[in-house]
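Subject: The structure you were after

Hi,

Here is the structure, ready for you to open next to your notes. Have a look at it first, and then read on for what turned up.

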Amino acid sequence: MITTDMHVHSCFSSDSSEQMEAIIDTAIQKGFSYVYFTDHHDERFPVHPSAPDMTFQLDFDRYISKLQDLREQYKNTIEVRFGVEQGICPEVAPDIDAISNRYPFDFIIGSSHLTRLENGDPYYPEYYENKTNVEAYREYFMSEAENVLLTDGFDIYGHLDYAVRYCPDPTFVYQFNDYRDIFEVLFKRLIEHGKGIEINTAGITKIGYPHPHIEALRLYKALGGEIITVGSDAHVKENIGFGFDIAEDLLKETGFHYYTVFKNRKPEFLPLS
Ligand SMILES: [Zn+2]
Ligand SMILES: [Zn+2]
């Protein structure tokens, strides 16, 4: 059984209104060993006119101070661990190290929500203009591979095939083999730099399976990948631990006998029983 959720958002993220105390209470009810918070920060995020409240700027000082209070308050019940989800794109990658080193994080997810600051958000149709869908996804995965060389300020790469959620053409079918060459480069770089990946179960409701595709997990394992976390990407407390039975089956099916948690940014490997 997987006994913690490594990807959880609270009201410190622009797209969540969940209270941290409610998240901790849910984690306790589920019998988790630790509770992680991984709220969003996307440095220099280009706020879209259609969603002016989605700024994704984390108030780090207030966030860390609140987490310290909660760690103290719950110390006899559950361990509160400090995480963050840093949005990375090549223009901001050099800033990520400094931010990551400034605060006492246990765990940092690096994620691509943008491939670049201008028209780089696969959530919006303008991202797909003047390119085929395969080109659009290749650009997304190539920017992830590029980011790994530009910053050390993260521990695992989040929701690797997140762009697949948003293709404006509903008839387009994502075929992993069209991108296998890029994933090979990406995984080799992650492994070489001591970074991992995650199984992100939010994919189950968005694309029918957890991020990333099972063929990506197989390739990562075949190339020697060891570090793999499991997270729900919950933005409401009801989704904490969502689909973890599916994630556990996937890990076993692809040859992993453990999952990974982080403390003080160091991986710890926990056996799957
Ligand atoms: Zn994300
Ligand atoms: Zn997230």
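To start with a small one: in which helix is the place of Asn-101? It sits in helix 3, which covers residues 93-102. Before I go on, please keep in mind that this is a predicted model.

Staying with Asn-101 for a moment, is it buried or exposed? It has 12 C-beta neighbours inside 10 Å, and a residue with 12 or fewer counts as exposed, so Asn-101 falls in the exposed class. That fits with where it sits on the helix: Asn-101 is carried, along with Pro-94, Ala-98 and Arg-102, on the face of helix 3 turned away from its buried side. The buried residues of helix 3 are Ala-93, Ile-96 and Ser-100. Looking down the helix axis, you find them within an arc of 25°, so they line one face of the helix. Their packing partners are strand 2, strand 3 and helix 4. If you want a distance from Asn-101 to try in your viewer, take Glu-226: the two are 125 residues apart along the chain, and their C-alpha atoms are separated by 24 Å.

Now the overall picture. The protein chain has eight helices and eight strands. Its radius of gyration is 18 Å, close to the 19 Å that the globule rule gives for 273 residues, so the chain is as compact as a globular protein of that length. Along the principal axes, the C-alpha atoms fill a box of roughly 55 × 45 × 35 Å. Of the 273 residues, 45% count as buried. As for contacts between residues at least 6 apart in sequence, 77% of them join residues at least 24 apart.

Next, the sheet. Six strands make an open sheet in the order 1-2-3-4-5-6, and the pairing is parallel. Strand 1 (34-42) and strand 6 (228-231) stand at the edges with a single partner strand each, so one side of each has no neighbour in the sheet. Here is how some of the strands pair:

- Strand 2 (residues 79-87) and strand 3 (residues 107-111) run parallel and are joined by five bridges; Gly-83 has Phe-107 in strand 3 as its bridge partner.
- Strand 4 (residues 156-157) runs parallel to strand 5, with two bridges between them; the bridge partner of Tyr-157 in strand 5 is Ile-197.
- Strand 5 and strand 6 pair in the parallel sense over four bridges, and Ile-199 has Val-230 in strand 6 as its bridge partner.

Strand 5 is mostly covered, with four of its five residues buried. In strand 6, Ile-228 and Val-230 point one way while Thr-229 and Gly-231 point the other, and all of them are buried. At the other end of the strand order, helix 2 (residues 60-73) lies across strand 1 and strand 2, and runs at about 160° to strand 2.

Which residues touch the most other members of the largest nonpolar core? They are Ile-23, Tyr-137, Ile-197 and Val-230, in a core of 63 residues. Helix 4 gives the most to this core, with five residues. Ile-197 is a good one to click on: setting aside neighbours within four places in sequence, it is in contact with Ile-156, Tyr-157, Leu-160, Leu-190, Tyr-220, Gly-225 and Ile-228.

Tyr-220 also turns up in helix 7 (residues 214-222), where it is buried together with Ala-216 and Leu-217. Seen down the axis, the buried residues of helix 7 fall within an arc of 100°, so they line one face of the helix. The cover over them includes helix 5 (180-192), strand 5 (196-200) and helix 8 (244-253). After helix 7 comes Gly-224, with a positive phi, near 105°.

One last residue is Met-142, which has its place in helix 4 (residues 133-150). Met-142 counts as partly exposed because it has 15 C-beta neighbours inside 10 Å. Its C-alpha lies 8.4 Å from that of Phe-183, although the two are 41 residues apart in sequence.

Cheers

Notes. Residues numbered from 1 in each chain as written. Chains lettered and ligands numbered in written order. Predicted model: local features only at pLDDT ≥ 70, side-chain atom pairs only at ≥ 80, totals over all residues. Buried ≥ 20, exposed ≤ 12 C-beta atoms within 10 Å, placed from the backbone. Rg over C-alpha atoms; globule rule 2.2 N^0.38 Å. Contact = placed C-beta atoms within 7 Å. Arc of directions from axis to C-beta. Pairing = 2+ DSSP bridges. Axes fitted to C-alpha atoms, helices over the stretch in contact; angles between N-to-C directions. Core = buried A, V, L, I, M, F, W, Y, C linked by C-beta atoms within 7 Å.
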